Amino acid sequence: MAHKKGAGSSDNGRESHSKRLGIKIFGGQQCAAGNIILRQRGTRHNPGTNVGIGKDHTIYALVDGTVIFKKKRDDRSYVSVIPSQA
C-alpha cells in the first residue's frame with residue numbers, strides 16, 4: 001500500500017523565482033552612465049574605475065563608455081568602464 005499521496009498540485013509550487021543574476025553588458029560593449037553591468041551574489045567581480053557597486057553587489061556604470069573585464073595580479077576579476085570620447 002502506498003504511504004505517499006498522489007502528486008497533488010497543492011503540495012507543489014514552492015520553487016523560488018529566478019533572480020536574473022549575471023552579466024548584462026559584456027566586455028567590449030558600450031554602456032551609458034547608470035546602466036547595470038552585472039548582478040551578482042557577493043563580489044565574484046570587483047569594481048574597477050568608473051563603476052559603482054550597490055548594496056546587493058550590483059555593478060553599474062558611472063560614465064558613458066566601453067565595458068572591460070580584467071584579471072589583476074591577485075587573480076580577481078575587475079570590471080571597469082573606459083570613457084568614450086565625445
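A salt bridge here is a side-chain nitrogen of Lys or Arg within 4 Å of a carboxyl oxygen of Asp or Glu. The legends below describe a predicted model.

**View 1. Aspartate 56 and arginine 39 form a salt bridge.** The closest N and O atoms of the pair are 3.6 Å apart. That distance falls within the 4 Å cut-off, so the pair counts. The structure holds one salt bridge. Aspartate 56 sits in the loop between β5 (51–53) and β6 (59–61), while arginine 39 belongs to strand β3 (residues 36–39), so the contact ties together parts 17 residues apart in sequence. Both ends are open to the surface in part: aspartate 56 is partly exposed at 34% relative accessibility, and arginine 39 is partly exposed at 31%. Side chains of opposite charge can pair when their charged atoms come close.

**View 2. Glycine 54 lies in the loop between β5 and β6.** Aspartate 56 is in that loop too. Glycine 54 is partly exposed, with 25% relative accessibility. How far is the C-alpha atom of glycine 54 from that of arginine 39? The separation is 9.5 Å. Along the chain, the two residues are 15 positions apart.

**View 3. Histidine 45 is buried in strand β4.** The strand covers residues 45–47. Histidine 45 has a relative accessible area of 19%. The cut-off for buried is under 20%, so histidine 45 qualifies. Which residues touch histidine 45, leaving aside neighbours within four places in sequence? The contacts are Ile23, Leu38, Gln40, Ile59, Phe69, Ser77 and Val79. Of these partners, Leu38 falls in β3 (residues 36–39). Ile59 falls in β6 (59–61). Phe69 belongs to β7 (65–71), and Ser77 and Val79 belong to β8 (77–83). Ile23 is part of β1 (22–23).

**View 4. A patch of positive charge gathers on the surface.** Its members are Lys19, Arg20, Lys24 and Arg41. Arginine 20 lies in the segment before β1 (22–23). At 58% relative accessibility, arginine 20 is exposed. The cut-off for exposed is over 50%, so arginine 20 passes.

**View 5. Arginine 20 has a positive phi.** The angle is near 55°, in a residue other than glycine. Most residues other than glycine have a negative phi. This is the arginine of the positive patch, placed ahead of β1.

**View 6. Aspartate 75 also has a positive phi.** Its value is about 65°, although the residue is not a glycine. Where does aspartate 75 lie? Its place is the loop between β7 (65–71) and β8 (77–83). Is aspartate 75 buried or exposed? With 57% relative accessibility, aspartate 75 counts as exposed.

**View 7. The whole chain has eight strands and zero helices.** From the N terminus on, the elements run β-β-β-β-β-β-β-β. The chain has 86 residues, and buried ones make up 22% of them. About 6,700 Å² of the chain is exposed. Carbon and sulfur atoms supply 51% of that area. Among contacts with a separation of 6 or more, 41% come from residues 24 or more positions apart.

Notes:
Residues numbered from 1 in each chain as written. Predicted model: local features only at pLDDT ≥ 70, side-chain atom pairs only at ≥ 80, totals over all residues. Heavy atoms only, no water. Patch = residues over 30% accessible without salt bridge, like charges linked within 9 Å, V, L, I, M, F, W, Y side chains within 5 Å. Areas by Shrake-Rupley, 256 points an atom, 1.4 Å probe, with all protein chains shown as cover. Lys, Arg positive; Asp, Glu negative; His and termini not counted. Charge placed at Lys NZ, Arg CZ, Asp CG, Glu CD. Helix = DSSP H or I, 4+ residues; strand = E, 2+ residues; numbered from the N terminus. Buried < 20%, exposed > 50% of the residue type's maximum accessible area, 1.4 Å probe, protein only. Contact = heavy atoms within 4.5 Å.
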